[in-house]
Amino acid sequence: HAVDSKVGEVLLYYCYCEVKDPEKLCAWQKALCQHLHLTGKVRVASEGINGTVGGSKVATNLYIEVMLSQPLFKDILCQDDFKSSAGGAHCFPDLRVGVFKEIVPMGIDPKKVSYKETGIHLSPQEFHREVEQYLSQASQGQSDTILLDCRNFYESKIGHFQGCLAPDIRKFSYFPSYVDENLELFKNKRVLMYCTGGIRCERGSAYLRSKAVCKEVYQLRGGIHKYLEEFPDGFYRGKLFVFDDRYAICSNEDVISACRYCGTLWDQYKLCSSQHCRQLVLTCPSCRKKGLTACCPVCQEKELKVTSRASGQALKEECECTKKRPRVPVEHTSQGTLGAGK
């Protein structure tokens, strides 16, 4: 049966629109996904819908067709709003559809900072030209532009635009505080923002604009996903982190990150082997063979203790990685060092 065929894809999309009855949309969405044997995650809110789902090509094509004909999204969502990559239902453990306050968790009431106040959207081609210009100006030390990655540190670590500023934050809900703590940095700057599929920029740019310190705020329409379709060998280097069991997808062979233990080039994440920890770790095959499978020594120790203790009581996630990282980093940068990228 074609709906269950193994060769499939993963879709990523969002749509900001007014949803009068989120519960009803949620039930409809859940039934639709189950009917098409799709797995994944879908967030519904009164401000719209945000989803990533995997299944057979037949199923994902039908899904797009149905989504485009749903009266709620009819005039807002278009074919191009769906980003696709090779994958399938096996990329997600299950199907989760739920109603939330925000379709992307920034932690700020949508009534206070609305997606309606977003920055100026640039097509991949326009964004490419902007980055090109920024890089040539930055190399002469005379740029009024900041190329801002609004993803989390573990995402930008394995792939990012050359010369970007990549905040060392663990969750998007820390992004507003990051902006607050670093307002000086953004004063009178042109900001070029990007994220995975474009959704974080919709609220992130609105938040930055609400501070009224930047000259202009631009964002990459369709995110890195759409950029890589047009420019697989452009200014984005490394892999693209995705929130499913694949962890990353690639458009070029660049590896820009290293094994946490031996420093050899490596960019394939695994979950920390310590049961209670949810951190991702970059540890290469030879270090894994040596048993270096946790995210840090603290976790490695804990793991040994836990395996020797029969009662598997739940331990709080606490390790070197979480302790050492300030929740919201303050950038201490002279203008000269900023363009370096991490």
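**Burial, contacts and a pocket in a predicted model**

Student: Is Leu 220 buried or exposed in this predicted model?
Tutor: The relative accessibility of Leu 220 is 1%. Buried means under 20% relative accessible area. Because its value is 1%, Leu 220 counts as buried.

Student: Which strand holds Leu 220?
Tutor: The strand in question runs over residues 216-220. Leu 220 therefore falls at the end of that range, in a run numbered from the N terminus. The strand is S10.

Student: What does Leu 220 touch, leaving aside its neighbours within four places in sequence?
Tutor: Contact means heavy atoms within 4.5 Å. The partners of Leu 220 include Ser 123, Pro 124, Met 193 and Gly 198. The others are Leu 122, Phe 127, Phe 161, Tyr 194 and Tyr 227.

Student: What distance separates the C-alpha atoms of Leu 220 and Ile 256?
Tutor: Along the chain, Leu 220 and Ile 256 are 36 residues apart. In space, their C-alpha atoms are separated by 22 Å.

Student: Where does Val 131 lie, and what is its relative accessible area?
Tutor: Val 131 belongs to helix H3, which covers residues 124-139. Val 131 is buried, and its relative accessible area is 0%.

Student: Which residues does Val 131 touch, not counting residues up to four places away in sequence?
Tutor: The C-alpha atoms of Val 131 and Tyr 236 are separated by 9.9 Å, although their positions lie 105 residues apart along the chain as a separation. The residues that Val 131 touches are Leu 147, Phe 161, Leu 192 and Phe 235.

Student: How many residues of H8 are buried?
Tutor: The buried residues of H8 are Gly 223, Ile 224, His 225, Lys 226, Tyr 227 and Leu 228. H8 is therefore largely enclosed by the rest of the structure. Out of eight residues, the number buried is six.

Student: Which elements give two or more residues to the lining of the second largest pocket?
Tutor: This pocket holds about 350 Å³ of space. Of its 19 lining residues, the closest to the centre are Tyr 14, Asp 80, Asp 81, Arg 221 and Gly 222. The elements that give two or more residues are strand S1 (8-16) and helix H8 (223-230).

Student: How many residues in the lining of the second largest pocket are charged?
Tutor: The lining draws at least three residues from each of domain 1 (9-99) and domain 2 (120-250). Seven of the lining residues are nonpolar and four are polar. The number of charged residues is eight.

Student: How far apart do the C-alpha centres of domain 1 and domain 2 lie?
Tutor: The chain is divided into domain 1 (9-99), domain 2 (120-250) and domain 3 (258-303). The contact between domain 1 and domain 2 takes 18 residues from domain 1 and 14 residues from domain 2. Their C-alpha centres lie apart by 25 Å.

Student: Which UniProt annotation covers residues 141-236?
Tutor: Over residues 141-236 the chain is 36% helix and 20% strand, with 21 Å between the end C-alpha atoms. The unreviewed UniProt entry gives this range the annotation "domain: Rhodanese".

Student: Is Asn 188 buried or exposed?
Tutor: Asn 188 sits in the loop between helix H6 (183-186) and strand S9 (190-194). Its phi is near 55°, a positive value in a residue other than glycine. Because its relative accessible area is 53%, and the limit is over 50%, Asn 188 is exposed.

Conventions. Residues numbered from 1 in each chain as written. Predicted model: local features only at pLDDT ≥ 70, side-chain atom pairs only at ≥ 80, totals over all residues. Heavy atoms only, no water. 1 Å grid on protein atoms, 1.4 Å probe; cavity = no way out; pocket = protein on both sides within 12 Å on 5 of 7 lines; lining within 4 Å. Points joined across faces, edges and corners; volume = space filled by probe spheres on them. Helix = DSSP H or I, 4+ residues; strand = E, 2+ residues; numbered from the N terminus. Nonpolar A, V, L, I, M, F, W, Y, C, P; charged D, E, K, R; others polar. Domains from an automatic or database assignment. Buried < 20%, exposed > 50% of the residue type's maximum accessible area, 1.4 Å probe, protein only. UniProt positions renumbered as here; feature names shortened; annotations may be inferred.
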